[in-house]
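Trainee: Could you take me through one spot in this model in detail, and then show me what else is worth a look?

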Amino acid sequence: MAAPWRDVVRDAAAVREAAAVAVDAALLAGGLMRTGEQPHASDVVNYAPFTLLPSAVPRALFEQAYAVQQDFNLLVDAISQNKEFLEQTLASTIKVDDFTARLFRIYMQVLEEGLAQTVFLGINRSDYMFDCGLDGTAALRQIEINTIAASFGGLTSRTADVHGLVLKVLGKTEEASHLLPNNPAKGLALGIAKAWELYGSQRAVVMFLVEEIQRNIFDQRCVENELWNRNIRVIRKRFRDVFEQGSLDASRRLYMDGQEVAVVYYREGYVPQNYNQQNWEARLLLERSRAVKCPDIATQLAGTKKVQQELSRPGTLEKLLPGHPEAISRMRATFAGLYSLDEGEEGDRIAATAIADPDRFVLKPQREGGGNNLYGEELRQVLEKIKDSPERTSYILMDKIKPQPALNYLLRAHSPLQVSECISELGIFGVYVRQGQELVLNQAAGHLLRTKAIEHADGGVAAGVAVLDTPYLV
Ligand code: ADP
Ligand code: MG
């Protein structure tokens, strides 16, 4: 991939000056996070980590990622309505993975009772890396689709202007003018507002379901403030608040301390640590309600790694989306090799292949949030240990994507300024709203580029590994 900043990256004095400008610009622009030391209040904040320079992204791959987003929205929505597919696909996983099993139990429970919810809102982010082929050409490869709590749609809107300023400071005025504006939070809020409107109660509020520790609150505030600008009331509550204050009326309308809730937007609830017994009960109450959940439990399950692996099987997309051959070929063109480790011959074979050649693969458990995947020697050891046990089915295998690294500086509070070899991951936000069987909104809402040093195999911005970035199209 092209390295557009080759001449400036090694000019230490220019880099130091630009970095000082960049940090102040990020603070001024509101690219903020609460600190690890004081995560519960906004008295002390710092800038969310970001790259000094925007990273080169091939224009054709960037456009390809945008062009396939509506297809992925359609697909996730279709999976969420396909009980047979979810049941079959997750059957082996829920035998060994307790977290997925508990989500699945709630899913079955709400289906048995009959859904009260009639309006559906999906906000997802499809993530990609640029795989570098032997001949040096890059290909777009999907890493995963996040169907719950996809973050940084707010803060990412702040980085393009900062990078524009940095390029000017470095004498790249012409290049600065080519950076694209980007505001996913606006698109996410549009989806939430549409769902709120279709729910049809002027008095009802939008509830952000948030974590106990809210370091990334400013990212969420970006979406929240867009809703206030539309005169939609927003409340922020945790699972434990729902347990204490939540109730359903006879038609299963959701109330929080007497206030009706139209939309529940989850920024929490995607890892086992988010739940204790009370929180599970709160989750069930929310899922049973008529309120629009973003996502509903079926859509959360549609985002599991096991589902992703099953989608790559020949014929699966055709079954899920009959009559959409073009959408199917657009989506399939982004898939990396994915392999089931279910018990049986197919799983035995791929497990043996991965043990023999671990650097070709990534071993993934059914977890979200970064830092869970296994690579290289560790992958080999774990797989060797579990290859003959049912535990194997709680993982999937994926071809390892190998992007071309580029030099950049990762700006992080309290860290020295040093050049790193970096790779990037591009995310496209998707938003859709369905009323009954009618899809009334289906859009791509903006993008997120995250970049990390190559020595970190795994992990996102929240995990402290990747930083915010801006694509510079080449
Ligand atoms: P999570 O749900 O934890 O975010 P991901 O599938 O997104 O799980 O993986 C986490 C990180 O691991 C990604 O952001 C990416 O950096 C890295 N990763 C995941 N899959 C691959 C892959 N196939 N090849 C190379 N790196 C990968
Ligand atoms: Mg991820």
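Trainee: In which helix is the place of Lys-168?

Mentor: Lys-168 sits in helix α7, which covers residues 159-169 (helices are DSSP runs of H or I with at least four residues, strands E runs with at least two, numbered from the N terminus). Bear in mind that this is a predicted model, where local features need pLDDT of at least 70 and side-chain atom pairs pLDDT 80 or more, while totals for chains, interfaces and linings use all residues. Residues count from 1 along each chain as written, chains are lettered from A and ligands numbered from 1 in written order, and side-chain values use heavy atoms, without hydrogens or water.

Skip residues up to four places away in sequence, and Lys-168 touches Thr-173 and Ala-176 (contact is heavy atoms within 4.5 Å). Thr-393 is another story: 225 residues from Lys-168 in sequence, and 52 Å away in space, C-alpha to C-alpha.

Now hop over to Thr-299, in helix α13 (residues 297-302). Thr-299 counts as buried because its relative accessibility is 6% (buried is under 20%, exposed over 50%, partly exposed in between, with a 1.4 Å probe and protein chains only). Beyond four places in sequence, Thr-299 has Val-76, Ser-80, Thr-147 and Tyr-432 as contacts.

Thr-299 is in α13, and UniProt lists residues 204-302 as "domain: Glutathione synthase substrate-binding", in an unreviewed entry. That span is 38% helix and 26% strand, and its end C-alpha atoms are 28 Å apart.

Next, the nonpolar packing. The largest nonpolar core has 65 residues, and Leu-52, Leu-121, Ile-192, Leu-227 and Val-263 touch the most other members (a core joins buried Ala, Val, Leu, Ile, Met, Phe, Trp, Tyr and Cys through side-chain atoms within 4.5 Å). Helix α9 (residues 184-199) gives the most to this core, namely eight residues. Zoom in on Val-263: past four places in sequence, its contacts include Leu-121, Ile-192, Ala-195, Trp-196 and Val-292. There's also a second, separate core of 62 residues, with Ile-145, Ala-149, Leu-209 and Leu-301 among them.

One helix pair to finish: α6 (residues 98-113) packs on α12 (residues 277-288) at about 35°, axes 10 Å apart (axes are fitted to C-alpha atoms over the stretch in contact, with angles from 0 to 180 degrees between N-to-C directions). On the α6 side, the residues in contact include Phe-99, Leu-103, Ile-106 and Val-110, and on the α12 side they include Trp-280, Arg-283 and Leu-284.

Methods. UniProt positions are given in the numbering used here, feature names are shortened, and annotations may be inferred rather than shown by experiment.
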